[in-house]
Amino acid sequence: MNIQIRLTSNGNYSPNVEFDLGNKYESVGDTMEFILPDAYKNPTHHYYLAFKMKKLPTFIFPVVDYKFTITRTITEYPGVYDIIFLIT
C-alpha cells in the first residue's frame, strides 16, 4: 500500500484517518509519501519521521525525497503508533 499524506502550511494533514502499515516481505514495505507546500521544500532542510508507541523508545528515521518505506525495524513491534513529521 502506498499512502500519500498532504501537509499544509498551518500544520494540518490529510487524510486525517488511521491506516494500517506494515512490512509485507523481508524487503518490501508500505510507502508513505509526503506532499509538502512549496514553503517547506528547501534543499537545506532535513526531514524525519518519529514513531512513538507506549512503553517503547521513540524511533526516528530520515525521510528521503519526501518518501519513507516501512521496514522491519518498525514492524517488529506491532501496535498503534503516533507518527510525527519533523523538519529541521
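Two strands count as paired here if DSSP finds at least two bridges between them. With that in hand, let's walk through this predicted model, starting with its sheet.

**The sheet**

Four strands make up an open sheet in the order β2-β1-β3-β6, and the pairing is mixed. The edges belong to β2 (13-14) and β6, each of which has a single partner strand, so one side of each is left without a neighbour in the sheet. Where does the mix come from? β1 and β3 run in the parallel sense and share five bridges, while β3 and β6 (residues 67-69) pair in the antiparallel sense over three bridges.

If you want residues to click on, try Ile3, which stands opposite Met32 in β3. For the β3 and β6 pairing, pick Thr31, whose bridge partner in β6 is Thr69. Also in strand β6 is Lys67. With a relative accessible area of 43%, Lys67 is partly exposed. Its C-alpha atom is 12 Å from that of Gly29, and the two residues are 38 apart along the chain.

**Aromatic pairs**

Next, the rings. A pair of aromatic rings is described by the distance of the centres and the angle of the planes. The structure holds nine aromatic pairs, and two of them are set out below.

| Pair | Centre to centre | Angle between planes | Geometry |
|---|---|---|---|
| Phe51 and Phe61 | 6.0 Å | 70 degrees | edge-to-face |
| Phe59 and Tyr77 | 5.8 Å | 25 degrees | stacked |

Take Phe51 and Phe61 to begin with: Phe51 sits in strand β4 and Phe61 in strand β5 (residues 59-62), so to speak a link between distant parts of the chain, ten residues apart. Are these two rings buried or exposed? Both Phe51 and Phe61 are buried.

Now for Phe59 and Tyr77. Planes under 30 degrees apart count as stacked, and the planes of Phe59 and Tyr77 are at 25 degrees, so this pair is stacked. Phe59 lies in strand β5, whereas Tyr77 is in the loop between α1 and β7, so the pair ties together parts that are 18 residues apart in sequence. How exposed are Phe59 and Tyr77? The cut-off for buried is under 20% relative accessible area, so Phe59, at 15%, counts as buried. Tyr77, at 31% relative accessibility, counts as partly exposed.

These four residues also belong to something wider: Phe51, Phe59, Phe61, Phe68, Tyr77 and Tyr81 form one aromatic cluster. Elsewhere among the rings, Lys41 lies over the face of Tyr66, at 5.5 Å from the ring centre.

**The largest pocket**

Rolling a probe the size of a water molecule over the atoms shows where empty space is left. The largest pocket has a volume of about 830 Å³. It is lined by 30 residues, and those closest to its centre are Phe19, Leu21, Tyr81, Asp82 and Ile83. Tyr81 is also one of the members of the aromatic cluster.

Which elements give two or more residues to this lining? They are β1 (2-7), β3 (31-35), β4 (47-52), α1 (72-75) and β7 (82-87). The largest share, five residues, comes from β7. As for chemical character, the lining divides into 22 nonpolar, five polar and three charged residues.

Conventions: Residues numbered from 1 in each chain as written. Predicted model: local features only at pLDDT ≥ 70, side-chain atom pairs only at ≥ 80, totals over all residues. Heavy atoms only, no water. 1 Å grid on protein atoms, 1.4 Å probe; cavity = no way out; pocket = protein on both sides within 12 Å on 5 of 7 lines; lining within 4 Å. Points joined across faces, edges and corners; volume = space filled by probe spheres on them. Nonpolar A, V, L, I, M, F, W, Y, C, P; charged D, E, K, R; others polar. Phe/Tyr/Trp six-rings, centres within 6.5 Å; stacked < 30°, edge-to-face > 60°. Buried < 20%, exposed > 50% of the residue type's maximum accessible area, 1.4 Å probe, protein only. Lys NZ or Arg CZ within 6 Å of the ring centre and 35° of its normal.
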